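Colleague: I have a little time before the meeting; could you walk me through this model? Put it up and I will ask as we go.

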Amino acid sequence: TCTLWDISSIQQPKLKFVLPHKAAVKALAFCPWSKSLLATGGGSKDRTIKFWHTSTGTLLNEIQTSGQVTSLIWSTRYKQIVATFGFGDIDDPILITLYSYPQLTPLTQVRTSSPLRVLSAVSSPAMTSICVATNDETIRFYELWNDREDVINEAQESGLYGSEIIEYVEGIEGDHREKLIR
């Protein structure tokens, strides 16, 4: 599991939410343009990426992957997240998948003919590339995003959380009054 804590009083931290997976949580990343959005990735016996609303602990969405999730990195310029994979499909190994958000459509995949595994990944300082460390003792660089687009400071728009109630809580404009359960 992944747990979220309220540490406003560091002497008395309070457990807010337990965010379950079916195996070890190997990766997590807070969204840079939506502060209430957290992505978590599960290990070999889980193989899912889950998206959570951190203010309520609500599971917003999840996607099954073909391998253990070893890293998650959000784009700062696009509504996208990249995942790297360790142990996975032996016949068709995938190292990296770039997903759109919130649709979770795979936009780009890096496949390998050998049984490579990504152990960890970090983004470049300009947030245009990622660097991955693999089990064959190499590091590899992949350019995923260009730096011509502006950085998204905050994206608060309808459909981002997949729930009209959570969007109302987040202050996203829209005609939610007529649709709320009373």
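Colleague: Which residue is the bridge partner of A121 in β12?
Modeller: The bridge partner of A121 there is V132, and please keep in mind throughout that this is a predicted model. That bridge belongs to the antiparallel pairing of β11 with β12, which runs over five bridges.

Colleague: What sits between β11 and β12 in the hairpin?
Modeller: Five residues lie between the two strands of that hairpin, and M127, which is in the turn, has a positive phi of about 60°.

Colleague: And β12 with β13, how many bridges there?
Modeller: Strand β12, residues 129–134, pairs with β13 over five bridges, again in the antiparallel sense. Within that pairing, A133 has I139 of β13 as its bridge partner.

Colleague: In what order do the strands of that sheet come?
Modeller: The order is β11-β12-β13, an open sheet of three strands with antiparallel pairing. Because β11 (118–123) and β13 (139–143) each have a single partner strand, they stand at the edges, and one side of each is left without a neighbour in the sheet. From one strand to the next the twist averages 25°.

Colleague: Staying in β12 for a second, is S129 buried or exposed?
Modeller: S129, which lies in strand β12, has a relative accessible area of 15% and is therefore buried, the cut-off being under 20%. Leaving aside residues up to four places away in sequence, S129 touches V122, S123, S124, Y142, E143 and L144.

Colleague: How far is S129 from D147?
Modeller: Their C-alpha atoms are separated by 9.9 Å, with the two residues 18 apart along the chain.

Colleague: Other sheet, then: what is the strand order in the one with four strands?
Modeller: That open sheet runs β7-β8-β9-β10, and its pairing is antiparallel. Its edge strands are β7 and β10 (106–111), each of which pairs on one side only, and neighbouring strands are turned by 20° against each other on average, direction ignored. As for individual pairs, β9 and β10 are joined over five bridges in the antiparallel sense, and L98 has T108 in β10 as its bridge partner.

Colleague: Now the interior. Which residues touch the most other members of the largest nonpolar core?
Modeller: They are W33, L37, I49, F51, L72, W74 and Y101, out of 26 residues in that core. The elements giving two or more residues to this core are β3 (25–30), β4 (37–42), β5 (48–53), β6 (58–64), β7 (67–74), β8 (80–88) and β9 (94–100). There is also a second, separate core of 14 residues, which includes V82, I96, L116 and V118.

Colleague: What does L37 touch, if you ignore residues up to four places away in sequence?
Modeller: On that basis L37 touches A29, F30, C31, F51, W52, T54, L60, W74, Y101 and Y161.

Colleague: C31 is on that list, so how many disulfides does the count come to?
Modeller: The count comes to zero. C2 is in no disulfide, and the nearest cysteine sulfur to its own, that of C31, is 15 Å away.

Colleague: Why is there no bond for C31?
Modeller: The closest cysteine sulfur to that of C31 is the one in C2, and at 15 Å it is too far for a bond, given that a disulfide needs the two sulfur atoms within 2.5 Å.

Colleague: Are those cysteines buried or exposed?
Modeller: C2 counts as buried because its relative accessibility is 9%, and C31 is buried too, with a relative accessible area of 3%.

Key:
Residues numbered from 1 in each chain as written. Predicted model: local features only at pLDDT ≥ 70, side-chain atom pairs only at ≥ 80, totals over all residues. Heavy atoms only, no water. Pairing = 2+ DSSP bridges. Axes fitted to C-alpha atoms, helices over the stretch in contact; angles between N-to-C directions. Core = buried A, V, L, I, M, F, W, Y, C linked by side-chain atoms within 4.5 Å. Buried < 20%, exposed > 50% of the residue type's maximum accessible area, 1.4 Å probe, protein only. Contact = heavy atoms within 4.5 Å.
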